[in-house]
Structures are given as structure tokens and as C-alpha cells.
Amino acid sequence: MTEPYAVPVPRGYRVGVWEVREPIATGAFGSVYEARRVGDDETQPATAALKFLPTGTGTPRQLTHLRELIEREVELHRRLKQPRLIRMYDTLTVDDPARPALDGATVLVLEKAEGSLSTLLAADPRPEAGPALLAQICEGLAQLHHAGWVHGDLKPANVLLMADGSARLADFNMAAELEGTHAYTPAFSTPDYTPPELLWSEIGERGRRIRPSADVWAFGVLAHLLLTGSFPLPGATPSTRRDAAAAYARGTDELRLSPELPEVWREIVRDCLTRTHEDRVGTQDLLRRVEAAAGTGRSPRLPRALLPRRRSRRTTMLAAASAVVAVSALGYGISNWAGGGTGAGGTPGGENTKVTTANYGAAELRTDKGIPVAYRRIIVDSAHDCVQPEVTPALIAALLKAESNFDPDLSDPSVGKEGEYGIARWTPSLLRWWIRADGVPAEETPKPPLTPAESIPAVGRYLCYMEPLLRPTGLSGDRQVLLAAAYRTSTKVVNNTGGVPPKYRDYATRVAHYLKEYTPPGKK
């Protein structure tokens with residue numbers, strides 16, 4: 001069930017003075033490629049990263065969101081040129097009617113990085129240069145905030161490591177310019193780095209209101225992760241850690257930082273992770289304290305030996321084939337946006353709505369049709385982590401019903417070379433690519449039994465990745481059912497067939513039946 005890049009660009013393709021070389025990262029609606037300059041224009045660097053964002057395909061809703069994100073990122077790059085922010089050299093538009101998938105695409109020509117903090121943490125969860133990195137990251141935040149912008153999605157994937165060992169902040173398509181004390185952003189898409197006040201806040205016509213203090217919270221989470229190898233809030237999954245953050249914000253639980261966190265950093269992290277935004281440390285004060293804790297007034301460079309190793313071409317292509325939606329492997333801003341204005345329970349104003357496990361997400365998922373209560377929250381949350389409107393709680397529940405009848409202990413070693421296991425009938429080698437929320441493949445192939453906590457979120461990520469790869473027109477059948485059929489086979493097979501392949505029609509019929517049964521009345 002491997003798939004190509006969201007925006008496939010052949011090696012050697014020319015855009016302006018650039019020639020596409022190796023793939024770097026991909027997401028739902030865009031892909032990033034290494035490129036080299038061809039020709040004599042020495043005003044441009046020898047190498048760059050080309051970020052392809054198609055604007056000629058997709059639904060009107062998708063295109064509106066995509067255009068907003070492009071405009072945000074381009075505007076910030078044009079107005080801010082700071083040493084701790086990734087640089088944009090140029091913007092281009094592809095004019096190639098012979099290639100409909102590329103024709104009209106916006107291309108951002110960006111500074112090329114050697115790696116990201118997420119890839120570094122995957123290799124070394126507690127790098128020795130952690131304090132120096134934190135000083136550089138905080139300096140970047142201070143530059144943004146001083147200029148009147150909020151980053152909106154600070155996380156390891158969006159911190160790039162350059163060839164000289166220095167760090168840059170990247171992915172500015174969620175960034176927003178302050179209007180007084182607030183800015184408005186399309187979404188806050190990464191739960192682990194989202195402050196409690198934004199977890200279930202309403203989304204108005206202009207988006208979600210956000211303050212610089214949201215970036216300060218994210219920095220506190222990142223600092224704890226970088227210095228201890230663990231998140232500051234307990235839980236094995238982003239969903240459980242999100243619940244822990246809500247309990248902490250309500251005052252029903254205390255903040256218990258890792259005992260491995262050095263005392264000077266303990267006070268810094270605690271002042272970043274306050275229950276309310278009013279109590280959080282200001283960015284300039286935070287920078288002063290972080291630089292002092294790192295032992296330098298100027299941010300030292302990261303030793304080159306700690307940069308991630310360059311992968312072989314074969315490894316790079318395998319990663320490209322199974323890249324995870326919403327995560328940029330090198331932080332170039334391939335990110336998801338969230339739609340709708342409901343809280344986690346599927347009702348407006350989530351923080352004021354009493355939601356129990358039994359009725360969690362009741363507005364989107366029937367409570368009287370036999371869906372096991374134990375899986376409701378993770379099914380709903382897994383759907384909410386995807387912005388594709390076709391990926392709903394009812395679809396994930398219908399797929400699980402058709403795959404295993406909600407049997408978490410399913411074991412079918414007779415299928416293929418590996419067998420299929422767990423509630424979603426994953427093959428272990430494929431689950432490896434989708435099991436992690438940060439988009440980095442697991443270092444080892446999971447071994448059965450495969451738990452629902454691992455399997456169900458992976459279903460949401462995989463469906464979210466596949467949906468844009470289904471042909472926008474010319475397919476016969478309900479798109480959600482087609483998506484389920486692609487889960488069983490691949491989007492390529494569904495696209496080539498023009499609908500559900502005959503081999504999977506019985507399966508698709510079952511999914512369609514349960515999809516209708518699990519969808520609440522009046523919900524499309």
C-alpha cells in the first residue's frame with residue numbers, strides 16, 4: 001500500500017534556473033525537493049529546496065485553505081529576514097499545460113537544510129548540544145515575536161539544522177501577524193505542542209485566536225523533550241497527553257516534570273507551561289534566561305557531528321513512498337490545516353461541554369450502534385487529526401468493523417508473507433511507516449500483537465495521506481467507500497479501475513453499510 005509523493009516531480013525537471021534532484025519531504029498537498037542551480041545566475045545559491053504547492057487541482061475548500069497558507073508563508077518570508085529563520089530566495093509559478101498535476105503550482109525556493117530536529121531526536125533522544133539548540137530556537141522565536149508575528153506550530157519537525165550546524169525556524173504557513181494582543185491562524189495542528197486554552201477553542205470566521213504565549217508553551221514542551229527525551233505531560237499517545245494537558249489546566253492534576261530535567265531548566269520549563277497564558281514568561285525574558293542556562297549570551301552552533309546522516313537514495317525513496325500527512329520530514333511547511341468549529345466531543349465550545357467516554361463525539365459517531373465504548377475517543381481523535389473532510393469518525397469505525405469486527409486480538413498469519421494483525425489488520429512492515437505521530441518511521445518493525453492505541457491512529461494518518469491521491473473526478477462510487485477500498489489495496493489500483501475493484505466489492509459494500517449506520521442522522 002505504498003504511494004508516491006503528493007506532488008510528483010521527476011528528477012531533472014526544470015523550474016526557472018533550478019533543476020530538481022532528490023526528494024526531501026512530502027505532505028497532503030505539497031512536496032519538497034532538493035534542487036541545483038543551472039545557468040550563470042550567481043545571484044542565486046548553488047543549491048536550494050523547492051517546495052511545490054499545487055493550486056490547479058483539488059476542491060474549492062482545499063484550494064482556498066491552500067492559497068491562504070501560501071500567502072501567509074510568502075508574506076512572512078518577504079517581510080522578515082532574520083538569521084534564525086529559514087530564508088526564501090524566490091517564488092515561481094509553473095507554466096506546463098502538458099503536466100496538469102504541476103501546471104499552475106506555486107514553487108517556493110527555500111534555503112536548503114541538512115536535517116531537522118525531529119530527525120536528530122530520532123537518532124539521539126537527548127543530544128548533548130540540547131541547551132545550545134534551545135538557545136537558537138528561542139532566539140528565532142524572539143525575532144518573530146519582536147517583529148509582531150506568532151509562529152503557531154513550533155515543534156521539532158519545524159526546526160531545521162543547517163550545513164554549518166546552526167538552527168533555523170521553518171514552516172510559516174501557520175504563522176500569523178499580531179493585531180494588538182492576538183493573531184488569527186487557520187489551526188493549531190499538533191496537539192503535543194498546543195497550550196490547553198487552544199485545545200478545544202472555537203474557530204471563528206477568521207480562524208483561531210492565538211497569542212505569542214502559545215509559542216512559549218510549545219517551547220517549554222520542546223525543551224523538556226530535548227533535555228529529557230520525554231514529554232512533560234503523561235501519556236503514551238498524543239490523545240492521552242492532550243487529556244492530561246486539559247486535566248492540568250482544570251487544576252485536577254499537577255505538572256510533574258521529569259526528575260532528569262536540570263534545576264535551572266526546570267524553572268524555565270515550568271514558567272513556559274503555566275496553566276493560563278497570563279502567567280507565562282514573556283519571550284524576551286525567556287530568551288535571556290535560556291541563553292544564561294545554555295552558558296552563553298550568543299547561541300553557539302550545533303557541532304556538525306550531531307547532524308543527521310544523509311540517507312542513501314534507496315532509503316530516501318522508500319521514505320518518500322510512505323511519507324506521512326501533516327508532517328514535513330525537514331520542516332519545510334508541509335502541514336495540515338484544521339476545518340470546522342467543534343470541540344473534541346463534536347460539539348461547539350468543547351471546553352464547556354461535558355463529554356463522557358460513552359458519548360464522546362456523539363455529533364459525528366452514533367452511540368447506539370455497537371461501537372465499543374473503549375475505542376470511541378481514539379476513533380474520534382484520529383479522525384480529528386486529519387483535515388480531509390472525507391476522513392470522519394464514522395468512516396474509521398466502519399473500516400474497523402469491516403476489517404476485524406473491532407477485534408483487537410485478530411491474528412491472521414496466513415495473509416501474505418507477514419500476516420495481518422490487530423483491530424485494523426495491519427501488516428507489521430507497513431504499520432512501521434504510520435505508527436508514529438511525528439511522521440518519522442519507527443526504527444524497528446512492530447511485532448504482534450498490535451494494539452488499538454497503535455493501530456487506530458495509524459488508520460487515520462494513512463487515510464488522510466491517501467485521500468488527495470484519489471482522482472478528483474472520474475471515479476464511480478462514494479468517495480469515502482473508495483478511500484476504504486484504497487486502504488485494502490492502493491489508490492493506484494482504485495484510480496486505474498475507476499472505482500472499487502471487483503475483488504473488493506463485498507468489502508466495500510460492508511464498509512458502506514456500516515458507514516451509513518454509524519453516521520448520525522442529518523450528518524453527511
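## Backbone outliers, cores and a sheet

Arginine 425 is found in the loop between strand S15 (420-421) and H12, where helices (H or I, at least four residues) and strands (E, at least two) are DSSP runs numbered from the N terminus. This is a predicted model, in which local features need pLDDT of at least 70, side-chain atom pairs count only at pLDDT 80 or more, and totals for chains, interfaces and linings use all residues. Residues are numbered from 1 along each chain as its sequence is written, and side-chain values use heavy atoms, with hydrogens and water left out.

Two non-glycine residues with positive phi are set out below; buried means under 20% relative accessible area, exposed over 50%, and partly exposed in between (1.4 Å probe, protein chains only).

| Residue | Phi | Relative accessibility |
|---|---|---|
| Arginine 425 | near 55° | 16%, buried |
| Asparagine 405 | near 60° | 47%, partly exposed |

Asparagine 405 lies in the loop between H11 and strand S14 (411-412). In the loop between H12 and H13 sits proline 449, which a cis peptide bond with omega of about 5° joins to proline 448.

The largest nonpolar core (buried Ala, Val, Leu, Ile, Met, Phe, Trp, Tyr and Cys residues joined through side-chain atoms within 4.5 Å) has 57 residues, and those with the most contacts inside it are Ile379, Trp426, Leu463 and Tyr487. Helices supplying at least two residues each to this core include H10 (373-384) and H13 (452-466).

Elsewhere, 6 strands form an open antiparallel sheet in the order S1-S2-S3-S4-S6-S5, pairing being assigned if DSSP finds at least two bridges between two strands. Its edge strands are S1 (14-15) and S5 (88-93).
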